[in-house]
Structures are given as structure tokens and as C-alpha cells.
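Student: Please take me through a single strand in close detail. I would like its cover, its partners and its surroundings.

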Amino acid sequence: MSDEHDVSMTDQDWQDFWVNIGATWRRVLCGDDRDTPPPKEPILRRRRLTTDHAWVDFFPIQWMPAVREALLWQDNGMDLGPLTGRSWDVLQLGGPGMVDAKDLAGTPIKRLILSNVDVLDKECLNQIVGLESLTLAYCDLGTLPFVEQLTTLTVYTQSSVDIPAAYEGRLHVEFIDDHYEPPFGPDEVY
């Protein structure tokens, strides 16, 4: 999918999409799990979404090219393929689950939030394009790999990370002794 906000999906494609995304995604996108699809334009033009702690597959996101801020939850292993091929201002991957950082290599993400996930191939975090901010919530990352553009690290309670000396003087680190709350909720999507 391109970065343009293309809403040219045919009416039949929209109906097929709506039927195939399932009840949870329908609730995420329009507030209820109605079978009849709502107008497509407001949903396809949406820049921000949250699954609000509901576990979902990520494939519907590939059909919403305008989304740049997403708070997503999924249990078990995560297929991150639908999240690649676009720029993200904010991307949260919440579990319990497993994230393979190499699946995000080459994807532009400004702010990445890892919540209640195990991170595989964490050294590949340095291959995320433009990663400026990393948040860890209920996550044990081990040693933070060197990420050139990283300027902010936020670590919530019940998370741990070892910060190498290479970051000294260039990384703002904030330890928050509180439970993590997502940066926005379902009433704050547009």
C-alpha cells in the first residue's frame, strides 16, 4: 500500500472487507459489530486507531493507508507484515506475545511502544528507520542495542533494560514507577 490516503476501494471490495475482518475489528472501527458496513471514507481516512486491549490480527491495517498511529494488541506470535510498507508516528505492539524486531527492519517508526512482549532479534531495532523514541512496558529487553536516532527511552514499572555507555549524553531516559497507560483511547481516534 502506498502512503497516500486512497479511499478508492470499490463498494463491493468494502463489503467484502467488512465481512472478512470479523466482529472485533468491526467494533474497533465503528463501535459495534454490525454486519452492514458503515460509510468507508471516514474509516479509510482515519489516521489513528486503537484496538483498546482487544487481540486482533493485523491484516486489516494494510487496507487503511492513512493510519499513522496505532495501538495494537495480539497474543502469541505477531505477524508484523501488514504493518510494514508505511511510515508510523506511533506504533504500539502489546501482548502477551512475541515481537521479532527483524520483521520491522526498514519500516519508518518514530515512536515504538513495546508492551508485555518478548522481543526476538532485538539487535534489529537499529534497522527501524528513524526510531526516535522507545517505550517499554512490562518488557524485559536486556541490553539495548545501539540505535543511531534514538533520543528518548521510557521504561515503565516491571520493565528492565541495560543501557550501554554508548548512549551516555545522547539519550533521555525516564523511569516511570507506575503502570503503563496507552497514549490515547478509543474516544481519541480520528
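Tutor: In this predicted model, β6 is mostly covered, with five of its five residues buried. Take its two faces. S133, T135 and A137 point one way from the strand. L134 and L136 point the other way. Residues on both faces are buried.

Now the pairing. β6 runs parallel to β5, and five bridges join the two. One of the bridge pairs links R111 to S133 of β6. β6 also pairs with β8, again in the parallel sense, over four bridges. Here L134 has L153 of β8 as its bridge partner.

L134 deserves a closer look. Beyond its neighbours within four places in sequence, L134 contacts L112, L114, L125, L141, L144, L150, T152, L153 and T154.

Next, the core. L134 belongs to the largest nonpolar core, which has 48 residues. Together with W25, L93 and L112, L134 touches the most other members. β6 (133-137) is among the elements that give two or more residues to this core. The others are α1 (11-30), α2 (40-44), β2 (69-73), β4 (88-100), β5 (109-120) and β8 (152-156). Both pairing partners of β6, β5 and β8, are thus on that list. α1 gives the most, with seven residues. Another core lies apart from this one. That core has eight residues, including L71, I113, Y180 and F184.

There is a general background to such cores: in soluble globular proteins, nonpolar side chains tend to be buried together.

Key. Residues numbered from 1 in each chain as written. Predicted model: local features only at pLDDT ≥ 70, side-chain atom pairs only at ≥ 80, totals over all residues. Heavy atoms only, no water. Core = buried A, V, L, I, M, F, W, Y, C linked by side-chain atoms within 4.5 Å. Buried < 20%, exposed > 50% of the residue type's maximum accessible area, 1.4 Å probe, protein only. Contact = heavy atoms within 4.5 Å. Pairing = 2+ DSSP bridges.
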